[in-house]
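Thank you all for making the time this morning. I would like to go through one model with you, starting with how far it can be trusted and then turning to its ligands and to one residue.

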Amino acid sequence: MTFVIQLAAARAYIAPAPHPNSPRERKAMTYVVAEACIKCKHTDCVDVCPVDAFREGPNFLVIDPQECIDCTLCVAECPVDAIYSEDDVPVDQRHFIALNEELAKVWIPIVEVKPAPLDAGVWAKVKDKLGLLER
Ligand code: SF4
Ligand code: SF4
C-alpha cells in the first residue's frame, strides 16, 4: 500500500520551471560558425536548418547552441567551410565556440537566405578576420 502511494506521488510530481533569470543550461554538443564566415555571410546555411538555429549580426552569423540539434545539414551548404562540429573546431579557432554562444543571446534569428555581400569572394580568402567582426 505504501509503495502504491509513493508511486502515485512520484507520478504526480512535476519539476518546477526554471526561474526566468537563471542561466540557460549548456547542451553537450553543437555546431559552430567560425572565422571564414566573417564578411562572407552567404546565408546558404540558413535555408537548410530545420530548427532556425542561426542568428545574424552585421557581418557574421552564429549558431544558437540551445537550438542546434546537431543534424549536420548546414556544414555542406557553407561555401567557405565555416561551420564545424564543436569537437572539430580547429585549435586556433576554439574561441568561436564561446563567441557563438555569447552572440546567439543578443542577435536575432535569420530564417531566409539573403544575397551575400558583393565582396564576399574576396574576403573568403582572408585569414585572421576576427578584428573585423561587427557586433
Ligand atoms: S553559409 Fe557559411 S559563410 Fe554563409 S552565412 Fe552560413 S556560415 Fe556564414
Ligand atoms: S547542425 Fe543542423 S540544427 Fe545545427 S545549425 Fe546546422 S542545420 Fe541547424
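What you have in front of you is a predicted model, and the mean pLDDT of its protein chain is 86, with 79% of the residues reaching 70 or more. Please be careful with residues 1–22, where pLDDT stays under 50 and where the model has zero contacts beyond four places in sequence. Where pLDDT is low, the predicted coordinates should not be read in detail.

Let me turn to the ligands. Around ligand 1 there are 14 residues, of which Cys37, His42, Cys45, Cys78 and Ala82 come nearest, and by class this shell is made up of nine nonpolar, two polar and three charged residues. Around ligand 2 there are 13 residues, and those that come nearest are Tyr31, Cys49, Cys68, Cys71 and Cys74; here the shell divides into eleven nonpolar residues, one polar and one charged.

The last part concerns tryptophan 123, which sits in helix α5, a helix covering residues 120–123. Why does tryptophan 123 count as partly exposed? It has 19 C-beta neighbours inside 10 Å, and because a residue needs 20 or more to be called buried, and 12 or fewer to be called exposed, that count falls in between.

As for what tryptophan 123 meets, if we leave aside its neighbours within four places in sequence, it is in contact with Lys39 and Cys40. Its C-alpha atom is also separated by 8.2 Å from that of alanine 36, although these two residues are 87 apart along the chain.

How values were computed:
Residues are numbered from 1 along each chain as its sequence is written. Chains are lettered from A and ligands numbered from 1 in the order in which they are written. This is a predicted model: local features need pLDDT of at least 70, side-chain atom pairs count only at pLDDT 80 or more; totals for chains, interfaces and linings use all residues. A residue is near a molecule or strand if its C-beta atom, placed from the backbone, lies within 6 Å of it. Ala, Val, Leu, Ile, Met, Phe, Trp, Tyr, Cys and Pro count as nonpolar, Asp, Glu, Lys and Arg as charged, and the others, Gly among them, as polar. Helices (H or I, at least four residues) and strands (E, at least two) are DSSP runs, numbered from the N terminus. Two residues are in contact if their C-beta atoms, placed from the backbone, lie within 7 Å. pLDDT is the predictor's confidence in each residue, from 0 to 100.
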